[in-house]
Every structure is written in C-alpha cells, then in structure tokens.
Amino acid sequence: MRRTRRSALGPLALLLLVGPGCLGQIGATKQETGACGGAPEVGATPLRRLTRFEYNQTVHDLLGDTTQPANAFPADEIRAGFDNNSAVVGVSPALTEAYLNAAESLAKNAMLTPANLLSCDPAKLSGAADEDACATQFIGSFGKRAYRRPLSDDDAARLLAVFHAGRTAQDFATGIRYVIETALQSPQFLYRVELALPPADGAGDLAPLDSYEMATRLSYLLWSSMPDDALFAAADADELKTPDQLRAQVMRMLADPRAHGAVAHFNQQWLKLDKMSSMEKDAKAYPSFNASIVPLMQQEVQQFLEEVMWGQKGDLHELLTAPYSFMNGQLATYYGVGGASGSDFVRVDLDPSRSAGFLTLGGVMAMLGKADQSAPVQRGRFVREQLLCGMMPSPPPNVPKLPPLSPDLTTRERLTQHDADPACHSCHRLMDPIGFGFEKFDGAGLFRTSESGQPIDDSGEIEDADVAGPFTGAAELGEKLSQSLFVQKCVVTSWFHYAYARLEAPEDQCTLKTLSQKFAASGYRFQDLIVALTETDAFRYRRVSGGAQ
Amino acid sequence: MKPISRRTLLKGAAGAAIALPFLNAMTRRGRADSAFPKRFIVWFTPDGNIHENWVPTGTTTNFTLSRILAPLAPYQDKLVILDGLTDQVGNYGQEPGDDHQRGMGTMLTGVHLLDGTQQGGCTTCPAAGLAGGISVDQAIANAIGTTTKFKSLELGVQAGSSGAWAYSNYTAANSPLPLDNDPRSVFARVFADLGVDAAALARLRAERKSVLDAVADSYTALSARLGPDDKQKVDGHLSTIRDLELRLTTPGATVGGSCAKPPEPAMLDVMANDNFPTVGKLQMDLLVMALACDLTRVATIQWENSVGDVRFTWLPGQNITRGHHDMSHDGDDVTQTIEWLTQINVWYTQQLAYFLGELAKIPEGAGTMLDNTLVFCCNELARGNVHSHNPMPYLLAGGAGGGLKTGRFLTYNGDPHNNLLVSLMNVMGVQATTFGDPNFCTGPLAQL
C-alpha cells in the first residue's frame with residue numbers, strides 16, 4: 001500500500017543524518033523544483049469551523065458578550081500541535097448540543113439590552129407591518145455581521161420566518177431572540193464558508209476570494225475573530241483585492257490589541273504553555289516553590305513573549321537569546337535576583353552568560369522540569385520538537401529503570417544509560433545532549449551551580465541539525481539555535497500550520513519558500529512573517545476540488 | 001472518599017472462598033423482564049493488566065476469581081470472564097499508530113486507524129489519526145438508543161481529549177465522541193430539565209423545534225453547494241442537528257420509582273490527580289441515575305485514557321509517586337512495579353463492583369437493573385510492558401435482559417476480538433454477523 005514517509009524539509013532533508021526511523025516529520029512537500037512566481041499553487045483548503053477560542057472572541061465582538069460560552073464546549077481536536085486544523089473531524093452530538101445551549105444563553109443575554117441591537121424601540125411598535133420592518137432591518141444588519149457577508153435572499157427569508165415563529169409563540173422580542181439563536185447555529189456563522197467566486201478562466205481549480213471572504217481570512221488570522229466595521233466597509237467597497245489594499249489593512253490590524261491576543265494564542269500552542277498551569281513541585285526538593293509562584297511565572301512568560309513579538313527587535317534571535325525578563329518583587333525574590341520589588345512586573349536585566357531568552361525563563365525551565373529534579377530529556381525533546389520540528393516517538397516497551405535519585409549522582413550521571421545502551425541511544429542522542437545545556441536550571445526554574453556536591457557540567461551537543469556540534473551552557477545553545485536554518489524553517493512551518501489551519505501539501509512549496517525568504521529578508525522578525533503570511537498563494541486563493549465548488 | 005466499604009470488601013473476599021459450591025446452581029440466564037429496557041455499558045481502564053493476577057482458575061462454570069477480580073465475588077454469577085482473545089486488528093503491524101493507539105482505536109471499532117499526525121511510540125509505523133469506523137456501542141445505540149433523551153452518554157474520569165489515545169467511541173470514521181470529564185457538566189446536561197414544569201418545557205421544545213428546523217435548512221442548502229470532502233463535514237453536522245431535533249419529542253424522564261433528580265455535584269478540580277476517585281464515583285452515580293430514569297440506554301465510563309498516567313497516590317500504604325503509564329513500561333523483573341500495577345487493577349475492580357452493586361440496587365420486575373444491563377469491561381492492551389494485544393483482559397457483567405448466560409469463565413485460543421464485538425451486538429438483540437474489518441472477523445464469538 002501507500003504510506004511512504006515523506007519529509008517536510010525538502011532539500012534540507014539531505015542534511016539530516018537520522019538514526020533509522022527515530023525522527024518523524026509531518027506534512028509533505030515535494031522536492032523544490034522549478035521557480036516560484038508563476039501560476040499560483042495551493043494545497044487543498046478544507047472548510048474551517050470556529051475553534052473555541054475564535055467562538056468566544058467572535059461572540060464578544062458580535063454581541064459584546066463576555067461570558068466565553070465556548071469554554072463549556074468539548075475540547076477542539078489538536079492536530080499537528082494546533083486547535084484549528086481543518087482536516088475532517090466530525091461534529092459530535094455533545095458539541096451540537098453545546099452550540100444550542102450557547103446560542104440560547106447568548107440570545108437571552110443580548111435581549112437584556114435590545115437597544116444595542118435594534119434600530120427601533122420594541123415598546124413603540126404598532127402593528128405587524130411596523131414589527132416586520134424593524135425585524136427585517138435587524139436581520140439585515142445583524143445577519144451581515146454574524147454571517148460575515150450580506151445575507152442571501154434565502155438566508156434573509158429563513159431568518160424572517162423564524163422571527164415570525166417566535167412572534168407568534170410570544171412577542172416581538174421572542175422573535176428577535178429566535179433569530180439570534182438560529183444565526184448562531186447556522187453554518188455561515190460556525191464555519192468559514194468560501195464560495196463566492198469560481199476559478200478564473202485558465203486557473204484550474206484555484207479560485208480567488210471575494211472581499212468579504214478576504215476580510216474574514218484577515219480577521220481570523222490576525223485577530224482570531226470576526227471583521228470589524230472598517231473591514232466590512234472595505235469589503236463593501238470591494239477594496240480588499242490589490243496587494244496594497246491588503247497590506248494597508250494588515251498594518252492597521254497588527255496595531256490593534258486584538259492582534260496581540262491572537263499571536264499569544266499561537267505562542268500558547270507552539271510553545272506548549274498550557275503545561276504551566278498544571279505544574280506541581282515536590283515540597284521537599286523545592287521548598288521555596290509554592291502554588292502562588294505559578295501564576296507569576298505565567299505572567300513572566302506572557303510579558304516576555306509580548307516584548308519579543310511586538311518590541312523593537314521582535315525577532316527570532318531575541319526570542320532565543322534575550323538576557324532579560326519581567327518579574328515582580330515576589331518572583332525576583334524566588335529567583336534570587338535583584339531589580340524588582342513590589343507587586344508590579346518590571347523588566348529585569350539578567351546575566352547574558354546564563355540566558356537563552358524564552359528557553360531559560362524560570363517558568364519555562366520549571367514547566368520542562370520534573371517535580372523533584374531537572375529533566376534534560378524533556379527539555380531536549382522540547383527543543384527537538386517545537387524548535388527543530390522533529391517528532392520524537394514515545395518511549396518503547398520494557399524500558400530499563402534508571403538509577404533513582406541519589407545524593408551521590410548528578411542527573412547527567414543518572415542518564416548515562418541512555419548513552420551506553422544502543423536501544424536508548426538511537427533516540428536519546430537527539431534529546432539528552434541538548435537538554436544537558438539547561439542543567440544549571442533546576443526542576444523549579446532556579447539557577448544553580450552544583451548538584452550532589454559536584455559543580456554542574458552543562459556542556460552538550462546538538463546532533464542532526466545544520467548547527468550540529470558541541471556547546472557549553474544554555475546561552476551558547478540559544479545563540480546556535482537562533483542561527484539555525486532548521487529552526488527558522490520550523491518557525492515558518494508552525495505558522496503555516498496555524499495560519500492556514502492545515503498541513504502543507506506539495507502544492508504549497510512556493511508559499512513556504514516565499515515565507516522563508518521574506519522571514520530571512522526581515523532579519524527573522526515575527527511581525528514581518530505574519531505580514532508575509534497574508535501575501536502568499538495559500539492566503540489569496542482557495543482550491544475548489546474536494547472542498548467548496 | 002471511600003467508594004467501597006471495608007465490610008463489602010471483606011464480604012467479597014469471603015464470598016470468593018465460600019461461593020464455589022453454589023456456582024453451578026447460579027449459572028443461568030438473568031431474570032429477564034421484557035417490560036424493562038436493555039442497556040449497554042462500556043467500562044474502560046487503560047495501560048494493560050497483569051494477566052497472572054487477573055485470570056481465574058477452574059473450569060467454565062466452577063472457577064475461582066483471581067486476586068484482581070476478587071472484589072467481584074458478590075457478582076460472580078453475573079459475570080462472563082473471557083480469556084485468550086486477541087485484538088488481531090490492533091496487533092496487525094503495517095498500519096498507522098503505536099500499540100496503545102491501535103489498541104484504543106480498534107477496541108470498539110474493529111478497524112484500523114486512519115493516517116494522521118501522531119507519531120506515538122512506534123518508530124516504524126506511519127503516524128496515526130483517529131479510528132476508521134463506527135464503534136460497537138454506537139452501532140448498538142443506533143438500534144436501541146432511538147427513543148431516549150440521549151442516544152448515548154460518554155463519561156470520562158480524567159480522560160484525554162485529542163488523538164487516537166483519547167477516544168473509545170466513534171459515530172463513524174474520524175468522528176470521535178468526546179468524553180465529559182466534569183460531573184457538574186454531566187449533571188447540567190442530563191438532569192437540568194428533570195422536574196421542570198410541563199408548560200415551560202413545552203415552550204422550550206417548541207422554540208427549539210422552530211430554531212433547529214431553520215438551522216437544519218441552512219445546512220441542507222449549503223451542503224448542496226459543496227465538494228465531497230466539505231459536504232461530508234457539513235452533512236455529518238446536519239445529522240447531529242436532526243438527531244437533536246428528534247430527541248426533543250422524546251417524553252423525557254418522569255421522577256418516580258427509582259428515578260430521582262440526583263444532587264448537583266459540588267465544584268471540583270476534576271483534572272487534579274488526587275480527585276480521581278471522587279470524580280469516578282460521581283460519574284458512576286450520575287450514570288446509574290441516568291439509566292434508572294431511562295434517559296439513555298448506552299453509555300461509556302472511560303477511566304483515564306490509553307497511556308493514562310494518573311498517580312494512584314491513594315492506594316493505602318504504598319506511597320506511589322509514578323504515573324500509571326510510566327510504571328506500565330517497567331519490565332517483569334521490577335517486582336515492586338508489577339505489585340503496584342496489580343493493586344491499581346484491584347482498585348479498578350473495586351470501582352466496578354461498586355458500579356454493579358448500584359445497578360443491582362434498582363429493582364426491575366423480578367430482578368434488578370443489572371439483569372437488564374450488559375457491561376463490557378475492556379482495555380487497549382493485554383500487558384503494558386510488552387504492549388501486547390493478547391490475551392486481552394475482557395470481562396462481561398450483567399444479564400443483558402436474558403441475552404447472556406452468566407457465571408462463566410470462557411477460554412479462547414487467540415480468537416479475534418472482532419468476533420466478540422459481533423456477539424455484543426447479538427446479545428443486545430441487534431442482528432449482525434460481522435463487525436469491523438472482515439479480515440479480522442469470522443462471525444459471532446463461540447460459546448457466548
């Protein structure tokens with residue numbers, strides 16, 4: 001049968017000298033042949049459904065509702081690390097019920113202040129004609145915002161019929177409530193329907209997006225939410241067509257606070273930050289750690305990433321090398337560094353010889369540490385998977401037991417079996433020697449210089465990457481990684497998976513190549529990569545075969 | 001929290017010793033009463049079992065329960081213990097996924113996993129997606145779950161929520177049913193409208209009917225404009241809307257007899273490790289009441305998930321700090337771990353005994369609800385440290401409304417577990433001659 005293993009790295013795959021079958025890759029890119037810039041090419045673009053995060057943001061912007069009803073939905077299926085993958089995963093009965101319940105409670109909340117929604121005063125309506133006029137006006141304006149485009153005649157007629165059903169059952173307000181409930185469960189709201197334009201002559205099965213669909217692609221990529229009034233106005237004027245028009249919108253939108261939330265949502269998933277909330281540490285091993293430290297560490301990580309994504313430098317080198325962080329007095333005391341007091345978080349400069357930016361933030365080291373010890377394997381695995389985009393297998397059956405924690409052995413010494421046993425070595429060589437670089441940070445994120453009475457040895461080695469070779473300490477590791485083509489490519493690939501809600505296909509090679517070139521040309525600035533994501537074939541076109549006709 | 005009293009346990013242990021002479025007499029089909037519905041329950045626990053401490057000794061009808069199964073002594077005449085079956089389809093080496101993923105995905109579906117993006121622990125297998133077909137509980141629910149408020153309920157106890165490791169239940173290929181891990185959410189979903197006044201309920205139903213009719217119309221209209229892949233997605237969604245509409249017209253539950261609105265569970269961090277036993281008991285109690293009120297006839301209780309790594313810190317005197325899955329990889333020479341894994345499985349059997357006991361407390365005709373229920377206890381693996389799929393530790397409990405001859409210990413020689421899935425259908429009164437991948441199914445399971 002089929003099932004050949006394919007590399008997502010293209011020609012870079014030639015650089016890989018991977019132990020047999022240990023390192024996996026996802027996605028598929030054909031060998032890069034030929035030049036880009038010819039006829040557009042795009043992989044299949046399946047219909048997307050709002051994630052829980054997007055649903056909450058959308059009902060906030062649509063109705064001003066802050067109840068975050070999607071938190072009660074069944075969790076989004078995670079594929080390739082992200083919650084928005086559009087590969088077919090069926091809607092469960094429980095989710096359909098949850099959509100119903102959310103729609104009912106949202107509609108009820110909205111009708112507490114009908115003046116925010118309606119152009120008329122329900123108390124002053126006289127007669128059916130008056131009511132119909134107001135309802136029709138509401139359906140047109142609310143419907144356009146809920147469905148993110150002007151309603152078709154059929155859609156408008158369907159919602160008016162529902163209004164009449166509610167009006168007949170009780171009163172005018174009930175009819176409006178029915179309309180809201182219906183709209184919030186309709187596919188035009190829950191899905192990102194893209195059907196407006198057919199393929200141009202000679203364009204095969206690639207169709208462009210109309211201005212409303214483009215407004216929606218922009219708003220969900222940059223804000224994880226629906227278009228705002230300015231985007232609707234641009235779509236009404238059909239002014240989301242040329243590269244200049246799009247770029248102007250993108251720059252405007254990146255300056256909006258909503259963009260920060262969306263990027264943070266990407267980072268949360270890319271950098272596996274959900275793990276922070278479930279951190280537990282052993283009180284005997286780490287007596288100064290307690291539950292009140294966790295939210296401080298979370299805030300530290302968020303503020304650091306905010307600075308790296310949106311600050312002056314804003315680039316990959318900063319992410320992996322920056323010698324500063326953000327703390328308040330309590331957290332600074334916990335870490336044993338000066339520079340902060342009181343409850344407000346301030347920027348604290350750290351020793352550059354110890355710092356690898358995000359990687360050595362106390363919260364990250366603790367998140368990637370065990371309850372009672374450091375964790376070179378987990379830390380190395382994190383770098384290998386999240387930054388180098390390799391997929392490590394889970395441990396095999398019949399794992400021999402490592403020596404237990406002991407006052408006489410360092411963590412590095414306890415892991416020597418991974419080096420000695422060939423069965424362990426074939427995979428652990430890709431993780432442990434990277435993780436050893438972080439040994440000066442204990443399992444609770446604290447800096448240390450000795451373990452079990454011996455000075456810490458934090459020398460390590462990167463294998464199977466373009467920056468392969470030995471290094472000493474986290475700072476040198478971070479510097480190496482920040483120069484790695486593999487890491488740069490991995491950032492691009494991760495953003496591709498998130499931004500387009502799918503894995504890359506062979507047809508996406510020019511999109512990926514363009515993204516990598518623009519990322520490089522910008523000096524690996526994250527904001528420039530995000531702008532570039534809106535300038536690709538993958539963003540500007542949809543494939544009709546298999547998906548929408 | 002202590003779900004099983006010391007007294008029950010002692011009684012159980014003593015029961016194992018003294019009950020043998022009565023066993024032959026007790027081997028019989030349950031006291032069926034066709035006035036009561038048949039129910040089907042999946043009971044999942046993960047990471048394999050310890051066979052030598054699980055398998056009974058003795059003959060088909062004259063057997064002694066093992067250490068792990070001893071807590072079931074009070075119900076020995078209500079059991080069918082199945083030793084020697086193989087999850088052949090999960091064990092087949094060329095398909096996507098590692099042994100855990102395959103075991104989980106094939107357990108109730110009998111078909112291979114789809115291609116996907118989860119590498120798992122197999123370095124030579126393609127990465128796995130989700131299961132490739134309907135699960136047996138849903139096939140049964142399609143037949144017997146059409147008249148109740150819920151076609152089925154899927155309750156988790158710290159179950160996962162993503163990938164092949166997470167799910168037992170599928171309505172179709174790639175369509176997993178999420179587990180609800182929160183007893184408060186289960187309570188709200190299942191019992192919220194129990195006892196609500198009739199007029200208000202009628203108003204709500206009429207409203208939902210109007211709204212869902214219009215919603216369904218818009219899905220139908222959209223579906224017609226889509227290509228095959230997107231159409232499948234939208235049609236699947238539409239079918240769940242139609243199903244929800246249909247259930248609005250079911251009469252719902254009437255409080256009375258054994259059906260009462262249970263107390264609302266207190267706020268609880270349901271994913272906190274040490275709350276595991278408390279959450280489990282709440283979920284069991286809610287499920288028993290949902291069955292007693294006939295709100296559903298098909299359900300799953302999934303404890304953890306495949307590769308579940310709960311730390312069984314509450315096992316008395318053991319001070320276990322490692323996770324279940326982590327320990328399940330230790331070799332047989334690590335005797336302390338084998339002992340702990342045995343104790344974990346004993347604990348799970350104690351929970352099962354509690355659950356069966358609650359079912360047996362509800363009178364139905366001349367018997368109890370347990371006589372009208374079939375509980376299928378399963379695991380994604382046979383033994384954790386070798387990731388095997390043979391012999392699977394399967395166990396059936398309850399009389400299935402007369403469909404099952406209980407009080408038996410049956411042994412097999414590697415027969416495919418797909419055959420058992422066929423028999424589960426048949427025992428529940430659903431016609432079937434094959435289930436799952438026909439390459440791994442030869443018909444109903446012999447002896448059942």
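**A buried helix and a two-chain interface**

In this predicted model, helix α23 of chain A has these buried residues: A:F526, A:Q527, A:L529, A:I530, A:V531, A:A532 and A:L533. Here, buried means under 20% relative accessible area, with a 1.4 Å probe and protein chains only, and helices are DSSP runs (H or I, at least four residues) numbered from the N terminus. That makes seven of the eight residues in α23(A), residues 526–533, so the helix is largely enclosed by the rest of the structure.

Residues are numbered from 1 along each chain as its sequence is written, and chains are lettered from A in the order in which they are written. Local features need pLDDT of at least 70 and side-chain atom pairs pLDDT 80 or more, while totals for chains, interfaces and linings use all residues, and side-chain values use heavy atoms, leaving out hydrogens and water.

Turning to the interface, 62 residues of chain A and 60 residues of chain B take part in the contact (heavy atoms within 4.5 Å). The two chains bury about 5,100 Å² between them, 56% of it on carbon and sulfur atoms; this is accessible area (1.4 Å probe) lost on being put together, summed over both.

Four salt bridges link chain A and chain B, each a side-chain nitrogen of Lys or Arg within 4 Å of a carboxyl oxygen of Asp or Glu. One pairs B:R189 with A:E97, their closest N and O atoms sitting 2.6 Å apart. On the side of chain A that touches chain B, α2 (93–110), α4 (153–169), α5 (172–185) and α6 (187–190) each supply at least two residues, and α2(A) gives the most, with eight residues.

Notes: Buried means under 20% relative accessible area, exposed over 50%, partly exposed in between (1.4 Å probe, protein chains only).
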